[in-house]
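The following exercises introduce a protein structure step by step. Each task is followed by a worked solution, which the reader may check against the sequence and the model.

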Amino acid sequence: RACSALLSAARESSELVAAALDVRRGEVAYEFPGEGSARIGGLHVLVAGLEPLGEAGGVLLVGNGWRSVATDIHVRFGHRVALAGPFFDTPSASVIGRVGLEELRAGRCSSAMELEVEYLREPDVAINWTTRLAERA
């Protein structure tokens, strides 16, 4: 939900906001307006997905996932897109908390204990926990 948190924080500044976070291995977690959930893809997918938004203009790009393609984006779209500053590179704890409160208020859960982490690469998580448990044994 980190992409959603960044989108939520930046919507106060711009109506069209696209989020991308570097998840390593040449991939980014990204979410474009109206998609409702983040996906993982390569940088080429990120730039291609920006094409329809960039043509419309007035797009704010949040998250550190845009940094490696910033020059290409600037050349391709010019002033029609803007990279947010470092404050929007990764979501802060307060922004993540605000997204959680929005979930509660919207009735998508009835308790903070029901909020769950959404992993986009479940195998990585499973491998990390399996490795940690094996090291303790």
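**Helix α2 and the sheet**

Helix α2 lies across β1, β2, β3, β4 and β5, and its direction makes an angle of about 105° with β3. The model examined here is predicted.

**Exercise 1. Determine how many helices and strands the protein has, and in what pattern they follow one another.**

Step 1. The secondary structure amounts to five helices and five strands.

Step 2. Along the sequence, these elements are arranged as α-β-β-β-α-β-α-β-α-α.

Step 3. The protein has 137 residues, of which 36% count as buried. Among contacts with a separation of 6 or more, 48% come from residues 24 or more positions apart.

**Exercise 2. Establish the order of the strands in the sheet and state which strands stand at the edges.**

Step 1. The five strands form an open sheet in the order β3-β2-β1-β4-β5, and the pairing is mixed.

Step 2. The edge strands are β3 (39-42) and β5; each has a single partner strand, so one side of each lacks a neighbour in the sheet.

Step 3. On average, neighbouring strands of this sheet are turned by 30° against each other, direction ignored.

Step 4. The pairs can now be taken in turn. β2 and β3 run antiparallel and are joined by four bridges; here Glu-27 stands opposite Gly-42 in β3. β1 and β2 are likewise antiparallel, with four bridges, and Leu-21 has Ala-29 in β2 as its bridge partner.

Step 5. Two parallel pairs complete the sheet. β1 pairs with β4 in the parallel sense over four bridges, and β4 runs parallel to β5 (residues 81-83), to which three bridges join it. Leu-61 of β4 appears in both pairings: Ala-18 stands opposite Leu-61, and Leu-61 stands opposite Leu-83 in β5.

Step 6. The link between β1 and β2 is a hairpin with four residues between the strands, and Arg-24 in this turn has a positive phi of about 70°.

**Exercise 3. State which residues of β4 point one way and which point the other way, and whether they are buried or exposed.**

Step 1. A general rule applies: the side chains of a regular strand alternate between the two faces of the sheet.

Step 2. In β4, Val-59 and Leu-61 point one way, while Leu-60 and Val-62 point the other way.

Step 3. All four of these residues are buried. β1 is mostly covered as well, with five of its seven residues buried.

**Exercise 4. Identify the largest nonpolar core and the element that gives the most to this core.**

Step 1. The largest nonpolar core contains 16 residues, and those with the most contacts inside it are Phe-32, Leu-46, Leu-50, Leu-61, Trp-66 and Ile-73.

Step 2. Two or more residues each are supplied by β1 (16-22), β2 (27-31), α2, β4 (59-62) and α3. The greatest share is that of α2, with four residues.

Step 3. Leu-50 may serve as an example. Apart from neighbours within four places in sequence, Leu-50 is in contact with Phe-32, Val-59, Leu-61, Trp-66, Ile-73 and Phe-77.

Step 4. There is also a second, separate core of six residues, including Val-17, Val-62, Ala-84 and Phe-88.

**Exercise 5. Describe how helix α2 packs with helix α3.**

Step 1. In general, the packing of two helices is described by the angle between their axes and the distance between the axes.

Step 2. The axes of α2 (residues 43-56) and α3 (residues 70-77) come within 11 Å and cross at roughly 35°. The crossing is right-handed.

Step 3. From α2, the residues Val-47, Leu-50, Glu-51, Gly-54 and Glu-55 meet Ile-73, Arg-76 and Phe-77 of α3. By class, this contact comprises four nonpolar, one polar and three charged residues.

**Exercise 6. Explain why Gly-49 counts as partly exposed, and state how far apart Gly-49 and Tyr-30 are in space.**

Step 1. Gly-49 is located in helix α2.

Step 2. Buried means under 20% relative accessible area and exposed means over 50%. Gly-49 counts as partly exposed because its relative accessibility is 24%.

Step 3. Gly-49 and Tyr-30 are 19 residues apart in sequence, and their C-alpha atoms are 9.5 Å apart in space.

Conventions: Residues numbered from 1 in each chain as written. Predicted model: local features only at pLDDT ≥ 70, side-chain atom pairs only at ≥ 80, totals over all residues. Heavy atoms only, no water. Axes fitted to C-alpha atoms, helices over the stretch in contact; angles between N-to-C directions. Left-handed = near helix turned anticlockwise from the far one by under 90°. Contact = heavy atoms within 4.5 Å. Nonpolar A, V, L, I, M, F, W, Y, C, P; charged D, E, K, R; others polar. Core = buried A, V, L, I, M, F, W, Y, C linked by side-chain atoms within 4.5 Å. Buried < 20%, exposed > 50% of the residue type's maximum accessible area, 1.4 Å probe, protein only. Pairing = 2+ DSSP bridges.
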